[in-house]
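Hello,

Here is the structure I promised to pass on to you. Have a look at it first, and then read my notes underneath.

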Amino acid sequence: LLIEDDYIYYMNKSLPYHSSISNATITDINNINCKVRPKLLSIVNSDFFKFFKLNLFSECPFWDDNNGFCTNRACAVDIIEDGYDSLPDYWKPEVLGKIDDLNSLEKQPIDVQDEFLNELCNRKFLSNNPYSPLNCRDIDYCDVDYITNHPDAVLVDLTANPERFTGYGGEQSGLIWKSIYSENCFQTDDKNATGLAQEVFYKLISGMHASIGTHLSNDYLDVESGKWGPNLDLFMFRVGNWTERLENIYFNYAIVAKSIKKISPYLKNLEFCSQYDQKTLDLLGDISGNIDTTLFDENLIFDTELSSEVKDQFRIKFKNVTKIMDCVHCDRCRLWGKVQSTGYATSLKILLEMDNDPMFVVNSLTKYELIALLNTFDRISKSVQLINDFEVMYNEKYNKEYKSKNSLVGKVLSKLAHITKVSEQKESDDNTQVDYIVPKDDGYDSNIKLNDIKTTFTNSWNNEVIEVKKALMFILKSYIDFPKNIYRLFIIKVNEIYNKFIY
Ligand SMILES: Cc1cc2nc3c(=O)[nH]c(=O)nc-3n(C[C@H](O)[C@H](O)[C@H](O)COP(=O)(O)OP(=O)(O)OC[C@H]3O[C@@H](n4cnc5c(N)ncnc54)[C@H](O)[C@@H]3O)c2cc1C
């Protein structure tokens, strides 16, 4: 019911959530995604793009509590509540969250590890940034030096460690998310730019959070059956029931896709992978060819000199997000958290800094930023695909009689498409206006709202009925078990007395 309240609240509120910075409809993005997905898969499975460098032993720089999840069971109780002790070892969160198949390079000194990736490249400049931040303006949105040069960092094969359910949860992960969201506090005199920066920052984090939720719901371990597979109810609970979270996944898609479009023409100059050069460049060219430049208009975010102060704050705050990932005590979650926060940071660097001096930005990119960028695109692209898969599952399970448009996710998606159309219409009416577009509350919206409320209410009602039934069954079973339990108690007591008597 809480979710339902929040959901209705969202549908009714008139906050300027739907700005006109993205001109794409949900359908546009779904279509683009169908075309780029196979190519993206080939890229992230290639030798160059499948390794990421990570320091598994770095201490959390923000708070003292380094009492990690892997040694702290309490972190898991929210997810695996019952009988933690009775779970087989390989289902325990510290095992589910561990990184498998650490490359044998892990044991090698850092320069040998680097050599491995450098062998794939004609030029080494990607690991040695000639545009040292010491000499130049800082344009990094993540802590690049930390990733590439930390002596404890190791190469991890991302394909051997897919993002999935790990059982990581509870207070610790809640605290991490809370501190990431609370980075979103900008203070400048430019109210418009500050508001917009806050909105974009929130959407990025929420989209990343929702994408992680989508992946863990899709690759979920059912501890009762011991099988891995998609968990529709978990997806609906975490993401599907929340219009805003779904929208933010698509928003992040538009941001990352646009940054890849923007950097692609310059990748030719990088010659970053001799062995895979042509094939990788062809694939990247194909991907970029399918992305429309109007997908996202970065100039509407930070377009004026006035907002450069906001931009600087944005950069520092995003850098902090990538550092907060060191506080994540589940190794695999930390790995993907670091990859994705670095990927979004790289997107922002490309989108917001390239117009000033493209080659300055291009030459400052490290290979790990490029690897993170492409892998983040793969994560968000998979999330978009999964949203569509879950929609089909939802219709099959709950909504057979409804058409796709009337399913919960379907309604959300068509509403988003509708909102974008409204914003497009408004934009063409007034080209000079770059303000937020608030969706019109027309009959279409009211119908959707009414249907949403009905469907959400029916689902919540059915869930409550199932829970009440379960509770009643539990009470009934405890009455039935009562004589058996009394008998067992009696035997235990008799046994104790007998033992005392004997010894
Ligand atoms: C960096 C990081 C990576 C992780 N990776 C994994 C992983 O790979 N596999 C895995 O199983 N677990 C992972 N986790 C844990 C996972 O994200 C959840 O924290 C955990 O499953 C507990 O979920 P929860 O229901 O308590 O709510 P949480 O997901 O912890 O959310 C906390 C609160 O944030 C709000 N919230 C939730 N989602 C959103 C959203 N999209 N937008 C805005 N607000 C939101 C809600 O109010 C919620 O109560 C990761 C956690 C972190 C911090």
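**Around the ligand**

Of the 23 residues around the ligand, the nearest are Gly169, Ser173, Ser206, Cys333 and Gly337. The elements that contribute two or more residues to this shell are α6 (170–181), α7 (191–218) and α12 (331–353). Helix α7 gives the most, with 6 residues. By type, the shell residues divide into 11 nonpolar, 8 polar and 4 charged. Please keep in mind as you read on that this is a predicted model.

**A closer look at α7**

Is α7 largely enclosed or largely open? Of its 28 residues, 20 are buried, so the rest of the structure largely encloses this helix. You can also check its length yourself: at 1.5 Å a residue, the 28 residues of α7 should span 40 Å, and the C-alpha atoms at its ends are indeed 40 Å apart. When you turn the helix on your screen, one rule helps: an α-helix has 3.6 residues a turn, so residues three or four places apart point the same way.

**What the record marks**

The unreviewed UniProt entry has a "binding site" annotation that covers Arg164, Thr166, Trp177, Ser206, His209 and Arg238. Ser206 is also among the residues that come nearest to the ligand.

Two of the annotated residues make a nice pair to look at. Thr166 sits in the loop between β2 and α6, while His209 lies in helix α7. Why does Thr166 count as buried? It has 24 other C-beta atoms within 10 Å, and 20 or more are enough for a residue to be called buried. His209 has 18 C-beta neighbours inside 10 Å, so it counts as partly exposed.

**A pair of strands**

Now find strand β1 (residues 51–54). Phe51 and Lys53 point one way from this strand, Phe52 and Leu54 point the other way, and all are buried. Strand β1 pairs with strand β2 (residues 154–157) in the antiparallel sense, over 4 bridges. Which residue of β2 stands opposite Phe52? That is Val156.

**The whole chain**

Stepping back, the protein chain has 16 helices and 4 strands. Buried residues make up 37% of its 503 residues. Among contacts between residues at least 6 apart in sequence, 83% join residues at least 24 apart.

I hope you enjoy exploring it. Write back with any questions!

Best wishes

Definitions and conventions:
Residues are numbered from 1 along each chain as its sequence is written. This is a predicted model: local features need pLDDT of at least 70, side-chain atom pairs count only at pLDDT 80 or more; totals for chains, interfaces and linings use all residues. A residue is buried if 20 or more other C-beta atoms lie within 10 Å of its own, exposed if 12 or fewer, and partly exposed in between; C-beta atoms are placed from the backbone. Two strands pair if DSSP finds at least two bridges between them. A residue is near a molecule or strand if its C-beta atom, placed from the backbone, lies within 6 Å of it. Ala, Val, Leu, Ile, Met, Phe, Trp, Tyr, Cys and Pro count as nonpolar, Asp, Glu, Lys and Arg as charged, and the others, Gly among them, as polar. UniProt positions are given in the numbering used here, feature names are shortened, and annotations may be inferred rather than shown by experiment. The expected span of a helix is 1.5 Å times one less than its number of residues. Two residues are in contact if their C-beta atoms, placed from the backbone, lie within 7 Å.
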